[in-house]
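Q: Could you take a close look at a single part of this chain with me? I would like to see how that part sits within the whole, starting from the wide view.

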Amino acid sequence: MKKNRIDNETLWLTMFTVIPVIVYSRLPDAYFPSNTQNLIYSAIIGAISGLIGFGVYSISKNKTIRTKILILLMFITIVFTSFIISLSQINKLVKSCDVCGYEAYDKKSEECKFCFNERWLNIKNSENITKEEWLREEQLFLFEYDSIENGFGLYTPEIIDGFRKDNKWKPIITIEELKTYNE
Ligand SMILES: [Zn+2]
């Protein structure tokens, strides 16, 4: 009976800590372009979410099963709601497309109105590919070495079809890579 109780507690603790960690550690991915920054911020956010989960677990620890389930359900609801709200705030903040660098995200479709690529989190959920692989693939497909002379380069034109290039955006590919790829 005692062992069973310990096992149950481990299960409760796991649910309270692992769920927020899994959910929130995805947030930096929506904002930071590089994998290193993602990793660092995911670790920090993951640790904080785990601690909060542990706090809520401690509150529920000596309560009845019914209260525990209620607290867990409320906690999960709060975790998911706040994740969705944070994600939509981040999406509002990040206006420029990771692939082409133009401020052309469509609010409704979550797709770039210039190069038609989706936001990274949508890709991540549906394809088994790293962000760097995805960016490299799409940028090599989008840009052409021969078009640079005609004004369509990695950083130019500054405005195209009414969309402005984000001056903080950096391509993952280099001109040299593009040249080799197009040869
Ligand atoms: Zn784009």
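**From the whole chain to one helix**

A: Residues 24 or more positions apart make up 59% of the contacts in the chain with a separation of 6 or more. Keep in mind as we go that this is a predicted model.

Let's start with the wide view. The chain contains seven helices and two strands. Reading from the N terminus, the elements follow the order α-α-α-α-α-α-β-β-α. The radius of gyration is 22 Å, well over the 16 Å that the globule rule gives for 183 residues, so the chain is more spread out than a compact globule. Its C-alpha atoms fill a box of roughly 75 × 30 × 25 Å along the principal axes. Of the 183 residues, 20% count as buried.

The chain is divided into two domains: domain 1 covers 2-93 and domain 2 covers 120-182. Over C-alpha atoms, the centres of domain 1 and domain 2 are 35 Å apart.

Now for the close look. Let's choose helix H3, which is made of residues 35-60, and begin with Gly50, a residue that lies in it. Is Gly50 buried, exposed or in between? Count its neighbours: 17 C-beta atoms lie inside 10 Å of Gly50. A buried residue needs 20 or more, and an exposed one has 12 or fewer, so Gly50 counts as partly exposed.

Which residues does Gly50 touch, once we leave aside its neighbours within four places in sequence? They are Thr17 and Val21. Another useful pair is Gly50 and Tyr24: they are 26 residues apart in sequence, and their C-alpha atoms are 9.6 Å apart in space.

Next, follow H3 to its partner, helix H4, which spans residues 65-93. The axes of H3 and H4 lie 10 Å apart and pack at an angle of about 155°. Angles over 145 degrees count as roughly antiparallel, and H3 and H4 are therefore roughly antiparallel to each other. The crossing of H3 past H4 is right-handed. On the H3 side, the contact is made by Val56, Ile59 and Ser60. On the H4 side, Thr67, Lys68, Ile71 and Phe75 take part. Try finding these residues in the picture, and you can trace where the two helices meet.

From H4 we can walk on to a few loops. In the loop between H4 and helix H5 (120-126) you will find Phe116. Its phi is positive, about 65°, although Phe116 is not a glycine. Phe116 has 15 other C-beta atoms within 10 Å, so it is partly exposed.

Further along, the loop between helix H6 (131-142) and strand S1 (159-160) holds Pro157. What kind of peptide bond joins Thr156 and Pro157? It is a cis bond, with omega about -5°.

Our last stop is Asp161, in the loop between S1 and strand S2 (163-164). Asp161 also has a positive phi, near 50°, and is a residue other than glycine. There are 9 other C-beta atoms within 10 Å of Asp161, so it is exposed.

To come back to our helix: Gly50 of H3 is in contact with Thr17 and Val21, while Val56, Ile59 and Ser60 of H3 help make the contact with H4.

Key
Residues are numbered from 1 along each chain as its sequence is written. This is a predicted model: local features need pLDDT of at least 70, side-chain atom pairs count only at pLDDT 80 or more; totals for chains, interfaces and linings use all residues. Domain bounds come from an automatic or database domain assignment. Helices (H or I, at least four residues) and strands (E, at least two) are DSSP runs, numbered from the N terminus. The radius of gyration is taken over C-alpha atoms; the globule rule is 2.2 Å times the number of residues to the power 0.38. Two residues are in contact if their C-beta atoms, placed from the backbone, lie within 7 Å. Axes are lines fitted to C-alpha atoms, for helices over the stretch in contact, and angles run from 0 to 180 degrees between N-to-C directions. Angles under 35 degrees count as roughly parallel, over 145 as roughly antiparallel, 65 to 115 as roughly perpendicular and the rest as oblique. A crossing is left-handed if the near helix is turned anticlockwise from the far one by less than a right angle, and right-handed if clockwise.
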